[in-house]
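Me: I've got a model open and want to poke at the wording people use for it. Mind if I ask where the labels come from?

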Amino acid sequence: MSRFFNLRLIRYQVYTTAFIILFSVFLRTVFSYVYTPYRAEKLKVNLNTADYYTLLKVPFIGKKTAEKILEIREKYGFVPEEKIKKLRYYKKFKYFIKVE
């Protein structure tokens, strides 16, 4: 049988394949514990409590929109959703905000 097969080569291939499989399983478990993606709810900004600079960090909210949100909050004491829906780019930044 060894006349047709190189036993050292087969043993090397088996060990290498086993090592690669075990190492990939190990890396997958390590990264699943280390890297936990953020949940969308934790990343959303509450418009009733956010300050000016926090609002500027939200995508598609610029200086004017942040100022308008703060003016609405000063006027009403909170931010009504019907007023927010009238703001420019609402359809784009609605995924990054919450109103509680």
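Me: This is a predicted model, so let's start with one helix. Which residues sit on the face of α4 turned away from its buried side, and what makes them "exposed"?

Reply: That face carries K63, K64, E71, E74 and K75. The word needs over 50% relative accessible area, and these five residues of α4 are classed as exposed, so each is above that cut-off.

Me: And what makes a residue in α4 "buried"?

Reply: Buried means under 20% relative accessible area. In α4, T65, A66, I69, L70, I72 and R73 are buried, so they fall under that cut-off. They cover an arc of only 155° around the axis, which puts them on the same side of α4.

Me: What covers the buried residues of α4?

Reply: The cover includes α3 (52-57), α5 (81-84) and α6 (90-93). Here a contact needs heavy atoms within 4.5 Å.

Me: How do you know that the reach of α4 is close to the expected one?

Reply: Helix α4 spans residues 63-76, 14 in number. The expectation is 1.5 Å times one less than the number of residues, which comes to 20 Å for α4, and the helix reaches 20 Å from its first C-alpha to its last. So the two agree closely, going by that rule.

Me: What follows α4?

Reply: G77, with a positive phi near 90°.

Me: How many helices and strands does the whole protein have, and how much of it is buried?

Reply: Six helices and two strands, running α-α-β-α-α-α-α-β from the N terminus. Buried residues make up 21% of the 100 residues.

Definitions and conventions. Residues numbered from 1 in each chain as written. Predicted model: local features only at pLDDT ≥ 70, side-chain atom pairs only at ≥ 80, totals over all residues. Heavy atoms only, no water. Helix = DSSP H or I, 4+ residues; strand = E, 2+ residues; numbered from the N terminus. Buried < 20%, exposed > 50% of the residue type's maximum accessible area, 1.4 Å probe, protein only. Arc of directions from axis to C-beta.
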